[in-house]
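Biologist: I would like to learn how to read a model such as this one. Please take me through it feature by feature.

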Amino acid sequence: MSFLYRVYDLTFELPFESPELGDSIDPASAAPDVIVTFGAVPDTIPAAALTGAYFQRTAAQLRLDIPTIAVYHVRDGRAITIQPYPNAPESAIRTCLFDSPLSALLHQRGTATLAGCALRLPDDTAALLIKGQAMLGVSTVAAALWQDGFRLVSDTFCALNRRGKQVIALPGLRCQWLWRNALEQAALDLPPGFTWESAPRTHPALPRYRIDLPEAARWTAPLPVSRVYVFNFGREVAVKKVEGVRKVELLNGLIYRPLLAELNALPTVLAAAQADVYELFYGSEPWFARDVAALLRAHFLNPTLEAAS
Amino acid sequence: MSNTIVWLASYPKSGNTWMRAFLLNYLLDPPEPHDINHMGSLFTASTRWAFDMMAGFASAHLPSAAVDELRPTIYRHYAAIDETLKFLKVHDAFRHTAAGDPMFPPEATRGVVYILRNPLDVAVSFAYHQDASFEDTVWQMNDPDAELGHIPDGIGGQFTQPLTTWSGHVTGWVDQTALPVHVVRYEDMTADPAAAFTAVLRFVGMEVDSARLEKAVRFSSFRELRQQEEKKAFVERPSTGNFFRKGVVGSGKSELSPELIAQIHADHAAVMARFGYG
């Protein structure tokens, strides 16, 4: 039994249902670009170009061991084999699959990924919210924004591809993974019938919940990238435009899981050239996701706004 | 040889960041004081992004107990990347994982620089840092189950770090016999930074260049660190106030009540006497 899904502009054949990807599509409607299976994964990858504590890779292959969950073998941008650990939770096997292994697969196909999320702006372009020094909270900010009417293109990472002369952000998972305290602090509206006890989690032992995006909050078509916001620390709350070659340096320094694949920096270089790039500085005072979302919302409407507090 | 890690171990608010700032200014020998917000090459051992980068997957997908078991493997791998010395800040108590693996593997370790500060002053600084009362902080410093970085129902940039008591933290690191250890007191760093830092450099087997040392001491002075924080903030700042607050010796005696001073002496008498905090 297999299931077909459309995500990141690719058709995936999976050996299990994946609510993270929304509704499956008719198996007869498309040939898969990527096939995911369960099976035995080799202990080593011959002639590995890079070996980490838990991974080995060549240009075309990645073997990633996530202890207690599964070993993932990603090949040629076309196939992923999963060898689960005994008693590994199914939700955790899927969550892990849709993170590093999927990012590596996209890199193998020449797609670049950046840590963060993408949102649709009213002019049918994408704004990327990227984790810089401020590593946390980007997903919660994105959740506050989609609750306020924006649409989420992707979370965890942004996938960037070239389409003609443009760089586009590809639509990702149809859900977000959010911690309970983030959901509570951001005062996010929870789905009808949601209870902490029964809601799906990324791992049964973690208070981290899968929030399936309502239809009105998700965007499932590629969008040209027009804005990039890199979340950093600073003395004052501010949004400052980045100019020149620093745009490229900034984005290339934030490529997601850069050790897991040969990187194609061209999409990020082109994105830096195509988009307005801003650093969003958190100030010294504590911030909550809704404050940052309000600042961003104002800046989406008026990009000449350099600072707000 | 892969014993390239030097653990900069301390109880919180004992001078660890000052030590890191000095080492970076000495190692990199920059023409201007090194940016306090770019101390990434001397990151904290419990830093989540560093683990995720080296592991290749998000630690957030695993329960913290499972991540704890993987940390020693990451450190062994990091130590073996090349022959250069690697300084890692650590506030964790000296310990083993639940499965019995040394959290700080001897085969990855060059040595431990243990930074120690009068617990009276630690109490004041730690209380301001975590926006807690002096009373609660003094109690915390005698709690064998005390932790740092634990966020209920959430996730932080640091893994949860067991601290144990202040005395237990000191003796755990100083009296362990698996790793070579050099003890440096905050008060000695303050009184004669050049001498204190020279001893650290010699302990880890580095040449001491006096001109470079003098400049590194100047570039990492409390005044310089405080100025940088005032100007551009500090990524490791607490949620309230500054990270670099006063940095003085003796604030405990002037700010704590006589009862709390007596309590700290009662809780930590043996270790305080051993290290000259009578």
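Modeller: Start with burial, and keep in mind that this is a predicted model. In chain A, 48% of the 309 residues count as buried.

Biologist: Which residues touch the most other members in the largest nonpolar core?

Modeller: The general idea comes first. In soluble globular proteins, nonpolar side chains tend to be buried together. Here the largest nonpolar core has 166 residues, and those that touch the most other members are Leu114(A), Leu119(A), Leu128(A), Leu129(A), Ala169(A), Val228(A) and Tyr229(A). Take Ala169(A) as the example: leaving out residues up to four places away in sequence, Ala169(A) touches Ala118(A), Ala126(A), Leu128(A), Val153(A), Ser154(A), Cys158(A), Ala159(A), Leu160(A), Pro222(A), Leu223(A) and Val225(A).

Biologist: How many helices and strands are there in chain A?

Modeller: Chain A has seven helices and 18 strands. Its radius of gyration is 19 Å, close to the 19 Å that the globule rule gives for 309 residues, so chain A is as compact as a globular protein of that length. The C-alpha trace of chain A spans about 55 × 45 × 40 Å along its principal axes. Among the contacts of chain A with a separation of 6 or more, 67% come from residues 24 or more positions apart.

Biologist: In what order do the strands of the eight-stranded sheet in chain A lie?

Modeller: For a sheet, read the order, then the edges, then the pairing. The order in this open sheet is 1-2-3-8-7-6-5-4, with mixed pairing. Strand 1 (3-7) and strand 4 (50-51) of chain A are the edge strands, each pairing on one side only. Strand 1 of chain A is joined to strand 2 (residues 10-14) of chain A by five bridges in the antiparallel sense, and Arg6(A) stands opposite Thr11(A) in strand 2 of chain A.

Biologist: Which strands does helix 1 of chain A touch?

Modeller: Helix 1 of chain A packs on the sheet and touches strand 6, strand 7 (70-75) and strand 8 (79-84) of chain A, with its direction at about 150 degrees to that of strand 8 of chain A. Helix 2 (residues 100-108) of chain A lies across strand 3 (34-38), strand 6, strand 7 and strand 8 of chain A, and runs at about 10 degrees to strand 7 of chain A.

Biologist: What is the strand order of the four-stranded sheet in chain B?

Modeller: That open sheet has the order 2-1-3-6, and its pairing is parallel. Strand 2 (86-90) and strand 6 of chain B are at the edges with a single partner strand each, so one side of each has no neighbour in the sheet. On average, neighbouring strands of this sheet are turned by 20 degrees against each other, direction ignored. Strand 1 and strand 3 of chain B run parallel and are joined by six bridges; Leu8(B) has Val113(B) as its bridge partner in strand 3 of chain B.

Biologist: Which residues of helix 6 of chain B are buried?

Modeller: In helix 6 (residues 166-174) of chain B, the buried residues are Trp166(B), Ser167(B), Gly168(B), His169(B), Val170(B) and Trp173(B). Their cover includes strand 1 (5-10), strand 3 (109-116), helix 4 (119-129), strand 6 (181-185) and helix 12 (258-274) of chain B. Helix 6 of chain B lies across strand 1, strand 3 and strand 6 of chain B, at about 150 degrees to strand 3 of chain B.

Biologist: How many residues of chain A are in contact with chain B?

Modeller: There are 34 residues of chain A in contact with 28 residues of chain B. On the side of chain A that touches chain B, strand 6 (61-66), helix 1 (90-97) and helix 4 (180-185) of chain A are the elements that give two or more residues. The residues of that side divide into 20 nonpolar, 10 polar and four charged.

Technical notes. Residues are numbered from 1 along each chain as its sequence is written. Chains are lettered from A and ligands numbered from 1 in the order in which they are written. This is a predicted model: local features need pLDDT of at least 70, side-chain atom pairs count only at pLDDT 80 or more; totals for chains, interfaces and linings use all residues. The radius of gyration is taken over C-alpha atoms; the globule rule is 2.2 Å times the number of residues to the power 0.38. A residue is buried if 20 or more other C-beta atoms lie within 10 Å of its own, exposed if 12 or fewer, and partly exposed in between; C-beta atoms are placed from the backbone. Two residues are in contact if their C-beta atoms, placed from the backbone, lie within 7 Å. Ala, Val, Leu, Ile, Met, Phe, Trp, Tyr, Cys and Pro count as nonpolar, Asp, Glu, Lys and Arg as charged, and the others, Gly among them, as polar. A nonpolar core is a set of buried Ala, Val, Leu, Ile, Met, Phe, Trp, Tyr and Cys residues joined through C-beta atoms within 7 Å. Two strands pair if DSSP finds at least two bridges between them. Axes are lines fitted to C-alpha atoms, for helices over the stretch in contact, and angles run from 0 to 180 degrees between N-to-C directions.
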